[in-house]
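Trainee: Please pick one loop and take me through it closely. Then work outward to the rest of the model.

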Amino acid sequence: MRNRLLPLLLAFALACTRQEDPSALAPAQDTRQVPQDGGTLIRRLAIDVQTLNPVRASAGYDRYVHKYLYSTIIYLDHDLRPISGLAQSWTVSPDGLLYRFELNPKATFSDGKPVRASDVIFTLRKITDPKVEAPQVAGFFETLDLARTRAIGDHAIEIAFREPLAAQLIHFADVYVIPEHAYSGGNFNSDFNELAVGSGPYRLKHWIRGKEIVVERRSDYWRERPHIQTVVFKIIGDHGTAWNALKLGEIDETIIASDTWLRERTNPALTSTIDFRQFHRLGYNFIIWNNARPLFEDKRIRRALAMCVPIDSIIKNVFHDTARAVTGPFTPDEYAFNPAVPRVPFDPDGARRIFAETGWMDHDGDGVLDKGDRRFEVELLVIPGSTTTTQLTQAVQAELKKIGVLLNIRAIDGAAYVPQLRAGNFDAAYLTWNLDADPDAQSLFHSSQFPPVGQNYSHYSNPEADRLIDRARRELDPSRRKVLYWRLHEVLAEDQPFTWTVQVAMKWGLNKRIHGVTTSAGYGFFDWYPGELDWWISEP
């Protein structure tokens, strides 16, 4: 989603033919030692995965595991450019309506059966089936023309669309192909959550819910095999517990809280064994308001709530100046970001006036705003285990209390968090959102994307926003597309379906026995190729 990438991505999308040698485009390996094969990498998951069925993924943690087990049609490289995945080459028609992919004939699933073009069509049918819950990818394929999509033999496929989508090519990097022979029977939404038959470099060994997921390298992998033999994902919800596990060598990597980063990153007793890394990725933190609830129907109320968030204090005291304010759905790194959109000012007195104008006052003198027989009391959901989440939400809670709004913070288990959002059973929630390599606001803000179809958890609806999203997604001219997104930024900032807070610099700790770790601008360690698949371990 970076400004400098848009013309390049469009050039790829409109090219006649594209062939890639993934080894030529992979980032340079760590040259401190010769890469070694084998060993066990122990990774941390802050919450357990929701499903092993990649079509139904609903959280980023699902994708962390899926990448080892499945392959996408294409990958994005270190610079977020399309390169070969299951498809070794492709062509795109000049009008952007027809994509032809040539699949690698060597590709096989973990059960030994070959990957066929019919499996790609099966996967796309499931993604676009209205009965299937595919919130992360369905919106990118809503104009798929299945009637004109066809397999050409076993290893070629033509995928047709009714309308062009400017970023369509890169969204094939979201399609983890599954085999029809393994997933065609039963209830697709419930029967395959623990099944993992994919064409990725690893196969599932076991999954103990709430504890760990273990994958092992395939000896028959059809592409260049990764170095690490076994990857163990440990589910550790609490950041402090994970940090202690990293120091003790019980895990090999974890995100680090800002206060820990400030205190420990220059500690000589730790820097000998822990590699401290920091990077920005395309994403932001925010408070989502459930616009379907009467309390949040009026955008003036949502703005008043935002005016009680002390962003400058949070950046300084919670994130220790390793974060920056965000004003809307795009980050300052992206061409879609409109620099003219002002920040919502921290102005509790102004917020109190807005509440009064809309009928919310403390009529009975109990310190809480009320209107008729309703008090302004809100429950905010958070995932436990993060000090910064606790500090930020408590700071907002304290400011809202001063003007008569009760914000009750409730921590719920990570595994139940997304399902509760999808069910609409919440007032407000604190979240982090990771963005795609090219902006597409549909899933979060288009009125067609209410759950379970998409991820518009706020149930936000604005006809102008819908029109802008629809036009921007299909506008192939970068300059015109930029104008549309700048206007969308203005509309969303005015409506405040979210209270955008900060873009946080990600702080990470890695055991120094891990090598080959490269950071992608925008995506960090993960979600690009080869990324974590290129890591290797030097055993003591």
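Mentor: Start with a term. A strand here is a DSSP run of E with at least two residues, and strands are numbered from the N terminus. Keep in mind that this is a predicted model.

Now the loop. Take the one between strand 24 (514–515) and strand 25 (536–537), where P530 lies. A cis peptide bond joins Y529 and P530, with omega at about 0°. D527 is found in that loop between strand 24 and strand 25. Its backbone stands out: D527 has a positive phi of about 75°, although it is not a glycine. Most residues other than glycine have a negative phi, and most peptide bonds are trans. Is D527 buried or exposed? Neither label fits: at 35% relative accessibility, D527 counts as partly exposed.

Look for the two features elsewhere. Positive phi first. L80 is not a glycine, and its phi is near 65°. L80 sits in the loop between strand 3 (74–76) and strand 4 (82–84). L80 has a relative accessible area of 0%, so it is buried. The cut-off for buried is under 20%.

Then the cis bond. Another joins P451 and P452, with omega at about 10°. P452 belongs to the loop between helix 15 (442–445) and helix 16. P452 also takes us to a pocket. The second largest pocket has P452 in its lining, together with Q50, T51, R56, S58, E133, P135, N193, V418, P419 and R422. The volume of this pocket is about 200 Å³. Sorted by class, its lining has four nonpolar, four polar and three charged residues.

Compare that with enclosed space. There are five cavities of 30 Å³ or more in the structure. The second largest cavity has a volume of about 140 Å³. Its lining comprises 13 residues, and I311, V326, R343, V344 and W500 lie nearest its centre. By class, nine of the lining residues of the second largest cavity are nonpolar, three polar and one charged.

Back to helix 16, through its salt bridges. Side chains of opposite charge can pair when their charged atoms come close. R474 forms a salt bridge with E163, and the closest N and O atoms are 2.5 Å apart. R474 is in helix 16 (residues 463–474) and E163 in the loop between strand 8 (156–160) and helix 5 (168–171), so the pair ties together parts that are 311 residues apart in sequence. E163 is partly exposed, at a relative accessible area of 36%. The pair does not stand alone. A network of salt bridges links E142, E163, D440, R473 and R474.

Another pair spans 195 residues of sequence. This is E494 with K299, whose closest N and O atoms are 3.8 Å apart. E494 lies in helix 17 (residues 478–495) and K299 in helix 10 (residues 299–306), so this salt bridge also ties separate parts together. E494 is partly exposed, at 41% relative accessibility. K299 is partly exposed too, at 34%.

For a local pair, go to helix 12 (residues 348–357). R352 and D349 both lie there, three residues apart, about one turn of the helix. They form a salt bridge, with the closest N and O atoms 3.0 Å apart. R352 is partly exposed at 35% relative accessible area, and D349 is partly exposed at 48%. The count for the model comes to 39 salt bridges.

Finally, return to strands. One open sheet has three strands in the order 12-23-13, paired antiparallel. Its edge strands are strand 12 (253–255) and strand 13 (274–279), as each pairs on one side only. From one strand to the next, the twist averages 20°. Strand 13 runs antiparallel to strand 23 (residues 506–511), and six bridges join them. Within that pairing, Q278 stands opposite K507 in strand 23.

The parallel sense appears too. Strand 2 pairs that way with strand 11 (residues 230–235), over six bridges. R44 has K234 in strand 11 as its bridge partner. Strand 2 (residues 40–45) is mostly covered, with five of its six residues buried.

Methods: Residues are numbered from 1 along each chain as its sequence is written. This is a predicted model: local features need pLDDT of at least 70, side-chain atom pairs count only at pLDDT 80 or more; totals for chains, interfaces and linings use all residues. Side-chain values use heavy atoms; hydrogens and water are left out. Buried means under 20% relative accessible area, exposed over 50%, partly exposed in between (1.4 Å probe, protein chains only). Helices (H or I, at least four residues) and strands (E, at least two) are DSSP runs, numbered from the N terminus. Two strands pair if DSSP finds at least two bridges between them. A salt bridge is a side-chain nitrogen of Lys or Arg within 4 Å of a carboxyl oxygen of Asp or Glu. On a 1 Å grid over the protein atoms alone, a cavity is a set of points where a 1.4 Å probe fits but cannot get out, and a pocket is an open set with protein on both sides within 12 Å along at least five of seven lines; lining residues have an atom within 4 Å of a point. Grid points are joined across faces, edges and corners, and a volume is the space filled by probe spheres set on the points. Ala, Val, Leu, Ile, Met, Phe, Trp, Tyr, Cys and Pro count as nonpolar, Asp, Glu, Lys and Arg as charged, and the others, Gly among them, as polar. Axes are lines fitted to C-alpha atoms, for helices over the stretch in contact, and angles run from 0 to 180 degrees between N-to-C directions.
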